[in-house]
Amino acid sequence: MSDYIPEELVFDILSRLPSKSLLRFRSVCKSWCSLISSSNFKSAHLKTFNLSNPRNFIRHFDLMVDKEYCSVHFDDEALTMVPDTLIEFPFRFCNYCTLSFLRMIGCVNGVVCLFHGNCDTFEDKIILWNPSIKKQLIVTPAMFNLGHAQYWCLIYGFGYDETTDDFKVLRLAYDFRLFSTPRVEVYSVKNGVSRAWFPNDLPCNYSTCLDAWSQVFYNGCVHWIICDYAIGGSTASILTFDMSTERFGSIALPKYLVKKPAFYLKLTVVRGCLTVIYTKRPRFSFPGPSGYIISAMMEYKNTDSWALIYDVQFPYDMGRVLRLRENGGILMGAGYGELKFFDFHAGYFLDSYSRFVVEDAIYIGGYQESLALLDEGRPERDAEQDE
């Protein structure tokens with residue numbers, strides 16, 4: 001075929017195809033198998049295919065049948081499901097009625113990172129899963145000996161080091177009784193090894209991450225909301241960790257959010273900008289109004305570039321913000337199965353998506369098809385047999 005079609009054209013055509021098709025095409029010939037498996041092609045496919053195919057990954061728990069489902073949806077107004085992408089969650093040990101639980105850490109370059117914790121044994125597992133090619137990697141890091149584990153707060157992060165073509169899992173562990181300097185461990189998926197240390201570059205000795213699940217990977221760094229318990233109250237800011245240099249940093253929040261309760265702040269990325277969401281809702285499911293303040297940093301790490309996107313109030317609880325759409329709309333999830341979409345021009349409407357009841361049992365985020373874990377990961381069926 002190379003006698004008739006230039007290699008550059010073959011590269012370009014294949015990079016525009018879905019991951020599922022590329023898995024089959026590896027069997028066409030040795031040269032195609034080598035090409036599709038190469039790092040350069042994987043990187044090109046990630047950028048080329050997803051440039052014209054913006055999509056969302058949705059994970060939800062259906063309490064009526066006691067099952068979890070995942071699906072991929074187009075980023076249109078109706079969140080239309082991509083054909084043949086609805087799959088039952090492949091991990092059997094997820095159970096919301098026991099002490100064993102599974103939480104979403106993040107999704108980077110098509111790889112979903114999940115945390116499996118056991119409140120009884122304090123055993124942790126990290127699961128890296130690529131739904132596009134149905135490959136997964138289960139990591140049981142040789143973490144620190146935490147002693148009295150019930151006194152430790154564990155914060156996870158997940159990202160990609162572009163300089164070494166490597167996915168990394170980060171864990172911070174600190175004793176919440178003392179608010180001491182956290183112990184840090186970084187696990188390299190490519191090398192299969194961990195590195196641990198006590199950091200000396202944290203922005204504040206008294207800072208602590210308050211929301212273990214509100215992490216976002218952006219511009220090569222993992223970001224968390226942190227809170228500085230200083231005299232006279234608490235001050236919220238953003239803690240960063242560069243996956244390439246493995247150094248910590250900080251970003252100041254806009255002044256109108258600094259003194260807001262850090263528990264109500266969440267990070268995300270909208271239109272290529274780091275974005276923070278402040279949600280004020282009634283507590284304990286009591287009826288009452290809700291409000292949302294959303295700000296975006298138009299120039300990364302330039303604190304003068306924070307711009308207010310939304311400052312909206314509703315007469316009753318609209319739920320928690322799940323995702324900001326690229327078209328400016330807000331997706332919210334309530335406690336009994338409604339997805340709520342808000343738009344300044346069209347108002348808002350309600351749409352029943354599932355009976356997931358538990359708010360934390362649904363996740364919506366941007367998704368990119370990729371060939372990540374093609375060589376490192378294992379097929380889902382093989383991994384299930386080990387459980």
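Two strands are said to pair if DSSP finds at least two bridges between them, and this criterion underlies the description of the sheet that follows in this predicted model. By that measure, four strands form an open sheet in the order E8-E9-E10-E11, and their pairing is antiparallel. The edges of the sheet are taken by strand E8 (152–161) and strand E11 (193–197), each of which pairs on one side only. On average, and with direction ignored, neighbouring strands of this sheet are turned by 20° against each other.

Within the sheet, the pairing of E8 with E9 can be followed in detail, for these two strands run in the antiparallel sense over 10 bridges. One of the residues to look for here is Ile-155, whose bridge partner in E9 is Leu-172. In general terms, strands of a sheet pair through backbone hydrogen bonds, either in the parallel or in the antiparallel manner.

From the sheet the reader can pass to the interior of the protein. The largest nonpolar core has 33 residues, and those with the most contacts inside it are Ile-126, Leu-128, Phe-158 and Trp-224. Strand E9 (residues 166–175) gives the most to this core, contributing five residues. Leu-128 offers a view of the surroundings: once its neighbours within four places in sequence are left aside, Leu-128 is in contact with ten residues that include Val-111, Val-112, Cys-113, Leu-137, Phe-158, Val-169, Val-189 and Leu-373, and also with Lys-135 and Gln-136. Apart from the largest core lies another one, of 21 residues, among them Cys-227, Val-258, Leu-274 and Tyr-300.

A helical contact is found earlier in the numbering, where helix H3 (residues 30–37) and helix H4 (residues 39–51) pack at an angle of about 65°, with their axes 5 Å apart. Angles of 65 to 115 degrees count as roughly perpendicular, and H3 and H4 are therefore roughly perpendicular to each other. The residues that meet are Leu-35, Ile-36 and Ser-37 on the side of H3, and Ser-39, Phe-41 and Lys-42 on the side of H4. Sorted by character, the residues of this contact divide into three nonpolar, two polar and one charged.

These elements belong to a chain that contains six helices and 26 strands. Of the 387 residues of the chain, 51% count as buried. Finally, among the contacts in the chain with a separation of 6 or more, residues 24 or more positions apart account for 48%.

Terms used:
Residues are numbered from 1 along each chain as its sequence is written. This is a predicted model: local features need pLDDT of at least 70, side-chain atom pairs count only at pLDDT 80 or more; totals for chains, interfaces and linings use all residues. Side-chain values use heavy atoms; hydrogens and water are left out. A nonpolar core is a set of buried Ala, Val, Leu, Ile, Met, Phe, Trp, Tyr and Cys residues joined through side-chain atoms within 4.5 Å. Buried means under 20% relative accessible area, exposed over 50%, partly exposed in between (1.4 Å probe, protein chains only). Contact means heavy atoms within 4.5 Å. Axes are lines fitted to C-alpha atoms, for helices over the stretch in contact, and angles run from 0 to 180 degrees between N-to-C directions. Angles under 35 degrees count as roughly parallel, over 145 as roughly antiparallel, 65 to 115 as roughly perpendicular and the rest as oblique. Ala, Val, Leu, Ile, Met, Phe, Trp, Tyr, Cys and Pro count as nonpolar, Asp, Glu, Lys and Arg as charged, and the others, Gly among them, as polar.
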